[in-house]
Amino acid sequence: MTQTTDAGAPPRETVPGLERLVFFSDAVIAIAMTLLALDLPLPEGETDEDLWGSFVNLLPRQYLTFVLSFLVVAMFWRSHHRFFQHVTGLAPGVIRMNTVFLFTIVVLPFATRVLGERGASSFGTVFYAVTVAAVG
């Protein structure tokens with residue numbers, strides 16, 4: 001089924017390369033979200049009590065940081081999805097800006113790790129905030 005866009009613009013499917021760009025972007029964002037989960041530390045301990053204690057200790061700085069970042073990336077993906085629903089052509093500038101956007105998305109798992117491990121210092125918080133601002 002062919003969809004038309006506003007003001008008689010060509011159907012989305014006829015814009016050369018648009019679908020490839022959107023699929024590639026979706027894949028990069030999905031990988032970034034997966035990398036967030038791969039950085040999660042395992043609770044340590046020999047007994048159930050030790051494991052639960054380790055989990056509780058990791059909860060605020062590691063696991064909640066993961067949830068925060070996952071939601072942030074999901075929010076940016078949703079904005080990206082909405083934006084490209086209105087794109088009717090691909091100028092080189094759009095492709096370059098999308099590449100910069102994807103670069104900053106890919107840096108977010110690292111910034112999340114820095115926040116989780118160095119969040120008690122201002123460096124971790126500032127680095128994460130600057131990274132999220134750069135994505136925006």
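**Group meeting: helix α4 and its surroundings**

Okay, let's start with one residue. Leaving aside residues up to four places away in sequence, Thr 104 touches Thr 131, Ala 134 and Val 135. Keep in mind that this is a predicted model.

So where does Thr 104 sit? It is found in helix α3. Is Thr 104 buried or exposed? Its relative accessible area is 9%, and the cut-off for buried is under 20%, so Thr 104 counts as buried. Its side chain also has a polar contact: it reaches the backbone oxygen of Phe 101 at 2.7 Å.

Now over to α4. This helix covers residues 122-135, which makes 14 residues. From first C-alpha to last it reaches 20 Å, close to the 20 Å expected at 1.5 Å a residue. Which residues of α4 are buried? They are Gly 124, Tyr 128, Thr 131, Val 132 and Val 135. Why do I say that they're on the same side of α4? Because they cover an arc of only 95° around the axis. You'll recognise Thr 131 and Val 135 from the list of residues that Thr 104 touches.

What do these buried residues pack against? The partners are α2, residues 48-85, and α3, residues 92-118. On the face turned away from the buried side, α4 carries the exposed residues Ser 122, Phe 123, Val 130 and Ala 133.

Let's take Tyr 128 from that buried set. Again not counting residues up to four places away in sequence, Tyr 128 touches Leu 68, Ser 69, Val 72, Leu 108, Ala 111, Thr 112 and Leu 115.

That takes us to the cores. The largest nonpolar core has 18 residues, and those touching the most other members are Ile 29, Phe 76, Phe 101, Ile 105, Leu 108 and Tyr 128. So Tyr 128 shows up here again, and so does Phe 101, whose backbone oxygen Thr 104 reaches. Helices α1 (18-38), α2, α3 and α4 each supply at least two residues of this core. Which helix gives the largest share? That would be α3, with six residues. Apart from this core lies another one, of six residues, including Val 15, Leu 18, Val 22 and Phe 84.

Last topic, the aromatics. With ring centres within 6.5 Å as the rule for a pair, the count comes to six aromatic pairs. I'll show two.

In the pair of Trp 52 and Phe 55, the ring centres are 5.9 Å apart and the planes are at 85°, so this one is edge-to-face. Both are in helix α2, and being three residues apart, they are separated by about one helical turn. Trp 52 is exposed, at 59% relative accessibility, while Phe 55 is partly exposed at 30%. Together with Tyr 63, Trp 52 and Phe 55 form one aromatic cluster.

The other pair brings us back to α4: Phe 123 and Phe 127. Here the centres are 5.8 Å apart and the planes at 15°, so the pair is stacked. These two are four residues apart in α4, again about one helical turn. And how accessible are they? Phe 123 counts as exposed, at 52% relative accessibility, and Phe 127 is partly exposed, with a relative accessible area of 25%.

So, to wrap up α4: its buried residues pack against α2 and α3, and its face turned away from that side carries exposed residues, among them Phe 123. That's it from me.

Definitions and conventions: Residues numbered from 1 in each chain as written. Predicted model: local features only at pLDDT ≥ 70, side-chain atom pairs only at ≥ 80, totals over all residues. Heavy atoms only, no water. Expected span 1.5 Å × (residues − 1). Buried < 20%, exposed > 50% of the residue type's maximum accessible area, 1.4 Å probe, protein only. Arc of directions from axis to C-beta. Contact = heavy atoms within 4.5 Å. Polar contact = N/O pair within 3.5 Å; in protein donor to acceptor, adjacent residues only side chain to side chain. Core = buried A, V, L, I, M, F, W, Y, C linked by side-chain atoms within 4.5 Å. Phe/Tyr/Trp six-rings, centres within 6.5 Å; stacked < 30°, edge-to-face > 60°.
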